[in-house]
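Student: I've got a new model on my screen and I'd like to talk it through with you. Can we go step by step?

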Amino acid sequence: MKNIFVGNLDFHVVEDDVRQLFGQYGQVERVALMTDRETGRSRGFAFVEMANMNEGEKAIAELNGSQFGGRTLNVNEARPKPARSEGMNSGFGKSAGRQRGGRW
């Protein structure tokens with residue numbers, strides 16, 4: 001299985017467009033077009049899973065830098081999502097440990 005990132009997509013592209021584009025290179029298992037939670041509009045990027053590693057690598061090589069929907073695509077192997085640390089979103093920024101206002 002090859003997981004591929006596809007960036008700089010036109011905002012009017014739909015999942016079927018991406019599936020057809022990558023389908024030229026092999027079997028597409030899944031297409032996930034990322035959308036804005038509030039508006040439902042495309043965010044301009046997607047993830048494609050291809051069944052065969054070699055077909056996925058060929059698709060990356062052929063499609064990266066190519067024109068699709070009037071835009072130059074950025075296509076590469078998707079990197080795993082980084083793990084979030086507990087403290088990152090705990091509400092403690094640079095001022096952690098400091099009191100606001102008043103004197104100590």
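**Walking through the model**

Student: Let's take the first helix. Which residues of helix α1 (residues 15-23) are buried?
Tutor: Keep in mind that this is a predicted model. A residue counts as buried when its relative accessible area is under 20%. In α1, the buried residues are V18, L21 and F22.

Student: How wide an arc do they cover around the axis?
Tutor: V18, L21 and F22 are the buried set. They sit on the same side of α1, because the arc they cover around the axis is only 90°.

Student: And which exposed residues does the face of α1 turned away from its buried side carry?
Tutor: Exposed here means over 50% relative accessible area. Look across from the buried side of α1, and the exposed residues on that face are D16 and Q20.

Student: Now the other helix. Within what arc do the buried residues of α2 fall?
Tutor: The buried residues of α2 are G56, A59, I60 and L63. Looking down the axis of α2, they line one face of the helix, because they fall within an arc of 100°.

Student: So what's on the face of α2 turned away from its buried side?
Tutor: The buried side of α2 is the one with G56, A59, I60 and L63. Turn to the face pointing away from there, and you'll find the exposed residues N54 and A61.

Student: Let me zoom out. What pattern does the chain follow along the sequence?
Tutor: There are 2 helices and 6 strands to place. Read them off along the sequence and you get β-α-β-β-α-β-β-β.

Student: What percentage of the residues count as buried?
Tutor: The chain has 104 residues. Again, buried means under 20% relative accessible area. By that cut-off, the share that counts as buried is 29%.

Student: On to charges. How far apart in sequence are the parts tied together by K2 and E57?
Tutor: K2 and E57 form a salt bridge, with their closest N and O atoms 3.1 Å apart. K2 is in strand β1 (residues 2-7) while E57 is in helix α2 (residues 53-63), so the parts this pair ties together are separated in sequence by 55 residues.

Student: Is K2 buried or exposed?
Tutor: The cut-off for buried is under 20%. K2 has a relative accessible area of 3%, so K2 is buried.

Student: What about E77, which strand is it in?
Tutor: The side chain of E77 also meets K2 in a salt bridge, at 3.2 Å from N to O. That pair ties together parts 75 residues apart in sequence, because K2 lies in β1 and E77 in strand β6.

Student: How many residues apart in sequence are the parts tied together by E49 and R30?
Tutor: The side chains of E49 and R30 meet in a salt bridge at 3.5 Å, N to O. E49 belongs to strand β3 and R30 to strand β2, so the sequence separation of the parts they tie together is 19 residues.

Student: Which residues are joined into one network?
Tutor: The structure holds 3 salt bridges. Look for the ones that share partners, and the network they make joins K2, E57 and E77.

Student: Where is R37, and is it buried or exposed?
Tutor: R37 belongs to a positive surface patch along with R43, K81 and R84. Its place is in the loop between β2 (28-35) and β3 (42-50). With a relative accessible area of 86%, R37 is exposed.

Student: What is the phi of N8?
Tutor: N8 is in the loop between β1 and α1. Most residues other than glycine have a negative phi. N8 is not a glycine, yet its phi is positive, at about 65°.

Student: How far apart in space are V75 and A46?
Tutor: V75 is found in strand β6 and counts as buried, because its relative accessibility is 1%. V75 and A46 are 29 residues apart in sequence, and from C-alpha to C-alpha the separation in space is 9.7 Å.

Student: Last one: what separates the C-alpha atoms of N74 and I60?
Tutor: N74 is also found in strand β6, and N74 is partly exposed at 35% relative accessible area. N74 and I60 are 14 residues apart along the chain, and their C-alpha atoms are separated by 9.0 Å.

Methods. Residues are numbered from 1 along each chain as its sequence is written. This is a predicted model: local features need pLDDT of at least 70, side-chain atom pairs count only at pLDDT 80 or more; totals for chains, interfaces and linings use all residues. Side-chain values use heavy atoms; hydrogens and water are left out. Patches are made of residues with over 30% relative accessible area and no salt bridge: like charges are joined within 9 Å, nonpolar side chains (Val, Leu, Ile, Met, Phe, Trp, Tyr) within 5 Å. Accessible areas come from the Shrake-Rupley method with a 1.4 Å probe; for residues, only the protein chains shown count as cover. A salt bridge is a side-chain nitrogen of Lys or Arg within 4 Å of a carboxyl oxygen of Asp or Glu. Lys and Arg count as positive and Asp and Glu as negative; His and the chain ends are not counted. The place of a charge is taken as NZ of Lys, CZ of Arg, CG of Asp or CD of Glu. Helices (H or I, at least four residues) and strands (E, at least two) are DSSP runs, numbered from the N terminus. Buried means under 20% relative accessible area, exposed over 50%, partly exposed in between (1.4 Å probe, protein chains only). The arc is that of the directions from the helix axis to the C-beta atoms.
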